[in-house]
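Got the viewer open? Let's take a short walk through this one, one selection at a time.

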Amino acid sequence: MEYMFFVCTDPTAPAYDPADDDIEVWVAEVEKHSGVHYGNRLRPPSDATTVKVRDGQLGVTAGPFAETAEWIAGYDVIDCIDLDEAIEIASRHPMARYGQIEIRPSWPFE
Amino acid sequence: MTSRVRPDPIAEVAARAAAGESARIVSTLIRMTGDFTLAEDCLQDALTKAMTEWRKSGVPTNPGAWLTTVAKNRAIDLLRRASAESRAIQRLAHEPVEPEGEEVGVDSDDRLTLIFTCCHPALSMDARVALTLRTVAGLSTAEIARLFLVTESTMEKRLVRTRARIKNTGIPYRVPAPEHLSARRDGVLAVLYLLFTAGYRATSGDTMLRRPLLEEAIGLARVLVELMPDDPEARGLLALMLLQHSRSAARVDAAGELVTLEQQDRGLWDADATTEGLSLVTRSTPNAGRYELQARIAACHAEAIDAEHTDFARIVTLYDELGTVAPSPVVELNRAVAVAMHRGPSAGLAVLDGIDAAGTLDGHHLLAATRAELLRRLGRRAEAAREYERARALAPTEAERRYLERRLTEVTR
């Protein structure tokens, strides 16, 4: 199953410690495990742009800027056998310790 | 004109077979198909078919095996129709269609797998409880709805959503890997204990409606101990349930009034449940878990001939340990009661002051009721009366309000 991992900040989490950040180890493990892996860090919400089309009119706005201190800081798309494996992989991501990871399954093709 | 309802023997045999076997049958089908909803639908179809077939040609020697085979063939049929390419069908290719009535082997591991799936931490507690009762205990949706005081359609929707969530999120159908087993087992035990406490509280409340929950919870804990015989926490939970349950008959007097542990007629305690519970309790293994420790506390009460001869020194020590393993304001409150019994009411009040300072049980009737009780023992009647009044105002059930009312009358007399 394909899962999207939203790597999020969490204002209640312990302060980020760069010395404990082993993201390279995590990425290497994930790539070794599933072969295919696609993910990256994201620029903060202050660099977001929102696009809408209403009645044929294009609307472009800056933001939305995060109103809460929780925002998506990165993403990974990983193929896992099941939710338990996805939870296991997420639990080893450094941001599980300094933020939180939301796991969502992709909508499967019927 | 009203017609008398006559018992339908065929329906009764089918219902009994379903109640006893549904967990086995459904778990076999889920293992085969990987699909919760499909598995339960197929069992329902098999039951429907049983009603016509058994009326025509008699009840088979082994109704459970008959239902399993018919449900299994139905699953294969449905899957073949749905998609010849699906992964499930590839798995099924190795499972030949069996002639109806033939014995189907189901190992007990299937039920364990089912319990772990129903109690997966990615499901909400409500969802876990409902699905466990439906799929593992084999209760009907209507029965579960009655237990939780919701309509049948609400419960049906909850179950449908839960099964869909299992499928959509990819919750696996298997026993967790050894390194995760103890954490996941705790989740299962929490569901069973919640069922039990819901049933236990209700027996003292306004309604006897939830009493079956007690028996279901004990039955499921028994299954868990049978499946994980070396697990100390599973044994501890079963022991705890049995020892608490053994006092049921003594908790309420003939007039329906609550009787405290101290004043219960110990002759009314269920001796069989006590004996079985005590046989499961370990005495002093180090690093005991929360259920084992609570079982040991319950064992101290079960072994005492009366309240006066209870080993409260040991109970205090056990509550100290429990407070380290599973700290909670309710544990602290119980520790206060044990301290009061062991070293006197003033020492107990000092523990209550600590709980007050933390503010974790503000507005809880048991905190006020306990304080009232200790003040009464110290002869501080006016203060006791104030606390009984507060507790009465906060008490959630009619039986508890009546009990506190009686105590209040005693100190204001």
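Start by selecting B:G289, which sits in the loop between α13 (271-280) and α14 (290-303) of chain B. Helices here are DSSP runs of H or I with at least four residues, strands are runs of E with at least two, and both are numbered from the N terminus. Before going further, note that this is a predicted model, where local features need pLDDT of at least 70 and side-chain atom pairs count only at pLDDT 80 or more, while totals for chains, interfaces and linings use all residues. Residues are numbered from 1 along each chain as its sequence is written, and chains are lettered from A and ligands numbered from 1 in the order in which they are written.

Is B:G289 buried or exposed? B:G289 counts as buried because it has 22 C-beta neighbours inside 10 Å. (Buried takes 20 or more other C-beta atoms within 10 Å of the residue's own, exposed 12 or fewer, partly exposed anything in between, with C-beta atoms placed from the backbone.) Now show what B:G289 touches beyond its neighbours within four places in sequence: B:P232, B:E233, B:G236 and B:V325. Contact here is C-beta atoms, placed from the backbone, within 7 Å. For a distance check, pick B:S124 too: its C-alpha is 24 Å from that of B:G289, and the two are 165 residues apart along the chain.

Zoom out to chain B as a whole. You'll find 20 helices and zero strands, and 40% of its 413 residues count as buried. Of the contacts in chain B between residues at least 6 apart in sequence, 62% join residues at least 24 apart.

Next stop: helix α18 of chain B, residues 365-377. Its 13 residues span 18 Å from first C-alpha to last, close to the 18 Å expected at 1.5 Å a residue; that expectation is 1.5 Å times one less than the number of residues. α18(B) is mostly covered, with ten of its 13 residues buried, among them B:L367, B:R371 and B:E373. Colour α16 (329-343), α17 (345-358), α19 (381-394) and α20 (398-412) of chain B, which are included in that cover. Just after α18(B), look for B:G379, with a positive phi near 80°.

Keep α16(B) and α18(B) on screen. They pack at about 10°, with axes 11 Å apart, and are therefore roughly parallel to each other. (Axes are lines fitted to C-alpha atoms, for helices over the stretch in contact, and angles run from 0 to 180 degrees between N-to-C directions; under 35 degrees is roughly parallel, over 145 roughly antiparallel, 65 to 115 roughly perpendicular, the rest oblique.) On the α16(B) side, select B:L333, B:A336, B:V337 and B:A340; on the α18(B) side, B:L366, B:L367, B:T370 and B:L374.

Now hop to chain A, where four strands form an open antiparallel sheet in the order β2-β5-β1-β6. β2 and β6 (99-105) of chain A are at the edges with a single partner strand each, so one side of each has no neighbour in the sheet. Pairing means DSSP finds at least two bridges between two strands.

At one edge, β2(A) pairs antiparallel with β5(A) (residues 72-79) over five bridges; select A:H37 and you'll see A:I78 of β5(A) opposite. None of the five residues of β2(A) (residues 37-41) is buried, so the strand lies largely in the open. At the other edge, seven bridges join β1(A) (residues 2-9) to β6(A), antiparallel. Finish on A:T9, whose bridge partner in β6(A) is A:G99.

Conventions:
Contact = placed C-beta atoms within 7 Å.
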